[in-house]
Amino acid sequence: MSHQTGIEACGDLRDLFGRLPSTNIRAIKVSIVDDTLTSTGTADASGSWDADYDNCVLPMLVDKESSYVLYRLDSQNDQGYEWVFILFNPDFAPVRQKMTYAATLSTLKQEFGGGGRFAQELFGTAVTDVNYAGYMKHVEAKDAPAPLTTEEFEKQLVLDAEAEARTQINTSSKSSQLVGLNFPMTSEAVQAVAEMCAKKLQYVSLGIDVKSELITLADSARSLQPNDLASRVPDDSPRYHFYVYKHTFESDYMESFVFVYSCPGYKSSIRERMLYSSCKAALTDSVEQQYSIEIAKKIEVENGKDVGDEDWLMEQVHPAKIVFKQKFARPQPPGGRRRAK
């Protein structure tokens with residue numbers, strides 16, 4: 001079984017899942033405790049599923065604390081009772097916690113027996129998203145505001161991570177410890193960035209080791225032609241690319257710093273995308289301020305196919321100026337009369 005975050009269910013939770021057919025359990029709260037999926041609460045059925053919903057689900061939701069809730073309906077399919085999968089990630093929970101829960105939801109569904117056991121999936125940041133009223137909106141009122149889809153939820157997490165990282169930026173010292181998510185850079189990465197800023201290297205690529213949470217040196221080159229930049233962009237994982245673009249513009253020779261953030265969408269895990277996105281602003285701001293350089297252009301691409309040739313790079317750094325020519329208005333003849341054609 002594949003686990004994106006390395007988090008698995010504990011033995012007690014697996015035993016509970018196995019005993020469910022012989023129990024009266026209506027709802028199960030699952031939390032990540034010490035990097036393990038653990039049951040942190042259950043509620044028994046006392047009536048119909050709709051009558052039990054708020055009584056069972058709402059006490060399990062804690063402000064500023066992410067959690068999963070598995071809720072049993074009264075309907076059945078060929079796998080037994082159908083369930084509702086709820087991921088509650090409140091707005092004021094730590095971004096890192098929200099990221100971990102979002103990245104682990106597939107693992108929990110697999111541990112439970114697969115997505116076929118779930119009639120509905122709810123992803124909410126407020127109680128009103130996942131209470132009984134929110135559930136009914138999701139099921140019945142297609143045009144009403146509903147809990148976020150998985151894709152919408154992940155995009156919002158990325159935006160939250162970027163915003164939180166931006167508020168934490170503090171580049172008062174030249175240490176190898178970056179702000180944002182406070183990931184340190186390896187000595188090789190620090191040296192490569194310094195050499196790039198001194199224009200001893202023309203290209204530097206940085207990556208994040210997700211397990212050790214270190215910013216590492218992925219690639220570098222003393223010389224790299226603009227047309228070869230695309231070949232350095234991987235298709236299966238995000239990267240930060242710093243490039244010294246040597247060129248002539250309007251008869252002036254220039255050496256411009258360009259930053260490219262490449263992220264191959266859903267080919268990488270949400271945790272990976274979150275880590276890269278949340279460190280991006282801190283990284284560029286730190287490099288600019290600590291090494292007294294100005295990044296002429298910051299570009300975001302999905303993969304190497306989005307990176308063009310030298311003409312494309314020139315257009316990115318020096319976009320064409322649009323000149324609006326004001327049309328000359330012929331004055332009206334005296335008295336406001338139209339001139340005969």
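Select Y101 first: with a relative accessible area of 5%, Y101 is buried, a term that means under 20% relative accessible area, with exposed over 50% and partly exposed in between (1.4 Å probe, protein chains only). The model is predicted, so local features need pLDDT of at least 70 and side-chain atom pairs count only at pLDDT 80 or more, while totals for chains, interfaces and linings use all residues. Residues are numbered from 1 along each chain as its sequence is written, and side-chain values use heavy atoms, with hydrogens and water left out.

Next, widen the selection to the aromatic rings, of which a search of the whole structure finds 15 pairs; rings of Phe, Tyr and Trp (its six-membered ring) pair if their centres lie within 6.5 Å, and planes under 30 degrees apart count as stacked, over 60 as edge-to-face and the rest as tilted. Y68 and F85 form a tilted pair, 5.8 Å centre to centre with 50° between the planes. Because Y68 lies in strand β4 (residues 67–77) and F85 in strand β5 (residues 80–88), this pair ties together parts that are 17 residues apart in sequence; strands (E, at least two residues) and helices (H or I, at least four) are DSSP runs, numbered from the N terminus.

Keep Y68 selected, which is buried at 0% relative accessible area, and add Y101 again: the two rings are tilted, at 5.0 Å centre to centre and 40° between the planes. That pair links strand β4 with helix α3 (residues 95–112), 33 residues apart.

Finally, show F17, Y68, W83, F85, Y101, F112 and F118 together, a cluster linked by ring pairs.
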